[in-house]
Each structure stands twice: as C-alpha cells, then as structure tokens.
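Please open the structure in your viewer and keep the sequence panel visible beside it. This tour proceeds from one selection to the next and states what is to be found at each stop.

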Amino acid sequence: MRFMSYDRSAKYYDLFGEKDDSAYYKELGMQYGSALEIGVGTARVALELAAAGVDVWGIDNSQKMLEIARATCAEQPADIKNRIVLTCADMTDFHLSTQFPLVYMASSVFSHCITQEDQLDCLTCVLNHLEEGGLFVLDLHLPEPSYTTALRLIDKEEVDDTVVVRWISNRAEYADQLLHTTLIFEAYTNGVLTERIIESSTVSLIYKRELLLLLDKAGFTIEHIYGNYSKSEKIDNLVVVEARPKAF
Ligand SMILES: C[S@@+](CC[C@H](N)C(=O)[O-])C[C@H]1O[C@@H](n2cnc3c(N)ncnc32)[C@H](O)[C@@H]1O
C-alpha cells in the first residue's frame with residue numbers, strides 16, 4: 001500500500017530542504033567509505049558524501065526526484081558525480097548487485113512504509129544489502145501529540161523574480177497510526193500567481209518503541225539511539241538509530 005507523491009513538487013524539494021543532518025551522515029560515510037542511501041530523493045545528502053570522497057548508491061521510487069538528482073549530479077565535477085549511482089527502486093523490494101558497509105535512510109524515509117508488511121520487507125531488503133557487521137542508520141520524526149488540520153503557511157523562498165510559498169495541512173488518524181498531509185506550493189512571479197501544486201500524501205506514525213521492535217524483529221541489534229544529529233541522548237521528537245545485523 002503506497003500513498004506518497006513527490007512527483008509534482010520535486011522541483012521545489014531542495015528549495016525547502018535545508019536540514020542539519022548532512023554533517024552526521026557525511027561523517028559516517030567517510031568512516032565506511034561507501035554507502036547505500038534508501039529514498040535518496042534529490043541526492044541532497046548523497047552529494048555531500050560523494051564530495052567527501054564516499055561512493056554512494058542511491059535508490060528512490062520517484063522518477064521525478066531522481067530526475068532532479070541526476071540533473072544536480074551532472075553539474076558536479078567528474079570525481080564527485082562519478083561516485084554516485086542512482087537507481088529507481090522501491091525500498092520494500094529491491095535487489096542490487098552489491099552489499100554495502102553502510103546503509104542509511106535520511107529524512108524519515110522509513111515513514112513512507114505504511115503497513116507492517118512494508119516495514120518488515122524494507123528492513124529485510126536493508127539486511128540483505130548490508131555487508132557482514134555493516135551499519136544501518138535511519139532517522140525518524142516521532143508522532144506529535146496533535147496536528148493542525150487548518151492550512152497554514154510554513155515557508156517562503158525567493159528564486160529570481162519568483163516567490164514560492166508552501167502551505168501545509170495535516171490530519172492524523174491515531175488509531176491506524178497514519179498521517180495524511182496536504183502540501184500546497186504556490187509560485188508568484190512579480191506578485192502574480194503563476195503556479196499552484198497540490199501534493200497529498202500519507203505516512204506512517206511510528207513510535208520509538210515500535211521502531212525498535214520492528215528492527216529487532218527484522219534481525220537488527222540496536223547500537224545507539226540519539227535524539228538529534230549531534231548525538232544527544234535526550235529524545236524529543238526525532239530519533240536517529242544506528243543498528244547492526246544480529247550475530248547468530
Ligand atoms: C522526505 S524525502 C527524503 C529525500 C532524501 N533522503 C533527503 O533526505 O533529502 C523522501 C524520499 O523517499 C522516497 N520514497 C518514498 N517512498 C519510497 C519507496 N517506497 N521506495 C523508495 N523511495 C521512496 C521519495 O520519493 C522521496 O524522494
């Protein structure tokens with residue numbers, strides 16, 4: 001069961017994509033030398049690793065996101081772009097020709113697995129693509145106690161003579177642990193509305209304990225759990241989990 005859509009708004013992803021996670025993932029990448037990024041999107045993080053000398057294979061199931069990633073990679077110097085391989089694949093069912101010492105999922109990508117079957121299929125795929133003793137890292141925003149359904153403005157960015165504004169509305173179904181989100185992107189060129197994109201999506205609301213149980217069930221042992229990318233032990237609304245395959 002899948003409900004995610006990044007296609008129509010892919011071109012605006014990086015405009016609003018600023019996050020404080022890159023240094024954390026880059027440090028891990030440099031430690032392990034090569035990595036698989038699941039849900040690579042526009043290659044926002046993968047490019048940071050490649051620029052630091054890390055080979056990265058990124059998979060994503062959105063052709064539009066991959067189009068943006070490929071265009072951005074094409075603009076990089078040869079030594080950087082040659083370190084990135086991009087493949088269209090679903091994170092619940094992928095079979096690459098190689099294994100990796102590091103597999104990571106940045107920006108709550110795991111929440112796009114809606115059912116428990118998808119979650120476990122995804123974790124099994126991760127396990128199958130990890131080298132022996134390799135590291136799996138994922139971050140995940142934890143469910144909030146309440147979400148605002150009313151449409152509200154969240155960002156505004158300027159590109160040349162165009163202002164792009166982003167609106168959001170969320171509706172949580174706590175019983176089924178689902179979050180339905182509507183994002184509206186409006187572009188105003190010289191003050192005139194020139195484009196409106198509406199993206200609707202559903203992600204899974206996954207709690208920390210459930211995530212740890214899923215990882216355990218799939219065959220991982222937890223090495224570290226942090227509350228942010230600076231490795232704080234205090235957990236609030238984000239978890240960053242480092243896990244390894246269980247040794248049998
Ligand atoms: C929030 S974006 C994160 C992109 C990137 N990891 C980053 O941090 O900038 C989520 C990404 O997951 C991808 N995605 C969602 N469901 C997926 C699936 N079933 N298989 C592969 N990728 C998926 C989306 O297309 C999107 O590019």
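**First stop: a loop residue**

Please select Lys231, which is located in the loop between E10 and E11. The model is a predicted one. With a relative accessibility of 37%, Lys231 counts as partly exposed, since that class lies between the limits of 20% for buried and 50% for exposed. Next, add Ser204 to the selection and display the C-alpha atoms: those of Lys231 and Ser204 are 24 Å apart, while the two residues are separated by 27 residues along the chain.

**Second stop: a residue in strand E5**

Now move to Gly133, which belongs to strand E5 (residues 130-141). Gly133 has a relative accessibility of 44% and therefore counts as partly exposed. Select Asp160 as well. From C-alpha to C-alpha, Gly133 and Asp160 are 48 Å apart in space, with their positions 27 residues apart in sequence.

**Third stop: the ligand**

Centre the view on the ligand and show the residues around it. There are 20 of them, and those that come nearest are Gly39, Arg44, Asp60, Met91 and Ser107. By type, this shell divides into 9 nonpolar, 6 polar and 5 charged residues.

Which atoms should be inspected for polar contacts with the ligand? The following three selections each involve a nitrogen atom of the ligand.

- Select Glu37: a polar atom of its side chain lies 2.9 Å from a ligand nitrogen.
- Select Asn61: here a backbone N or O atom is found 3.3 Å from a nitrogen atom of the ligand.
- Select Met91: a backbone N or O atom of this residue lies 2.8 Å from a ligand nitrogen.

How much of the ligand does the protein bury? The ligand taken alone exposes 600 Å², and the protein buries 97% of that area.

**Fourth stop: aromatic pairs**

Display the aromatic side chains next. Across the whole structure, a search finds 9 aromatic pairs. For one of them, select Tyr25 and Tyr229: the ring centres are 6.3 Å apart and the planes meet at 55°, so this pair is tilted. The two tyrosines come from distant parts of the chain, 204 residues apart, with Tyr25 in helix H1 (residues 22-32) and Tyr229 in the loop between strand E10 (220-226) and strand E11 (238-245).

Are these two rings buried or exposed? Tyr25 has a relative accessibility of 1% and so counts as buried. Tyr229 is also buried, at a relative accessible area of 12%.

Continue with Trp57 and Phe100, whose aromatic pair is edge-to-face, with 6.1 Å from centre to centre and 85° between the planes. This pair, too, links distant parts of the chain: Trp57 is in strand E2 (residues 55-60) and Phe100 in strand E4 (residues 100-105), 43 residues apart. Trp57 counts as buried at 17% relative accessibility, and Phe100 counts as buried at 5%.

Before leaving the aromatic residues, select Tyr24, Tyr25, Tyr104 and Tyr229 together; ring pairs link these four into a cluster.

**Fifth stop: salt bridges**

Finally, display the charged side chains. How many salt bridges does the structure hold? There are 8, and three of the pairs may be visited in turn.

Select Glu186 and Arg196, whose side chains meet in a salt bridge at 2.9 Å, N to O. Glu186 is in strand E8 (residues 178-189) and Arg196 in strand E9 (residues 192-204), 10 residues apart. Glu186 counts as buried, with a relative accessibility of 7%.

Move on to Lys246 and Asp216, a salt bridge in which the closest N and O atoms are 2.7 Å apart. Lys246 lies in the segment after E11 and Asp216 in helix H6 (residues 208-218), so the pair ties together parts that are 30 residues apart in sequence. Lys246 counts as partly exposed at 26% relative accessibility, and Asp216 is partly exposed with a relative accessible area of 40%.

The tour ends at Glu223 and Arg244, whose side chains form a salt bridge at 2.6 Å, N to O. Because Glu223 lies in strand E10 and Arg244 in strand E11, this pair ties together parts 21 residues apart in sequence. Glu223 counts as partly exposed, at 37% relative accessibility.

Methods
Residues are numbered from 1 along each chain as its sequence is written. This is a predicted model: local features need pLDDT of at least 70, side-chain atom pairs count only at pLDDT 80 or more; totals for chains, interfaces and linings use all residues. Side-chain values use heavy atoms; hydrogens and water are left out. Rings of Phe, Tyr and Trp (its six-membered ring) pair if their centres lie within 6.5 Å; planes under 30 degrees apart count as stacked, over 60 as edge-to-face and the rest as tilted. Helices (H or I, at least four residues) and strands (E, at least two) are DSSP runs, numbered from the N terminus. Buried means under 20% relative accessible area, exposed over 50%, partly exposed in between (1.4 Å probe, protein chains only). A salt bridge is a side-chain nitrogen of Lys or Arg within 4 Å of a carboxyl oxygen of Asp or Glu. A residue is near a molecule or strand if one of its heavy atoms lies within 4 Å of it. A polar contact is a pair of N or O atoms within 3.5 Å; within protein, one must be able to donate a hydrogen and the other to accept it, and residues adjacent in sequence count only if both atoms are side-chain atoms. Accessible areas come from the Shrake-Rupley method with a 1.4 Å probe; for residues, only the protein chains shown count as cover. Ala, Val, Leu, Ile, Met, Phe, Trp, Tyr, Cys and Pro count as nonpolar, Asp, Glu, Lys and Arg as charged, and the others, Gly among them, as polar.
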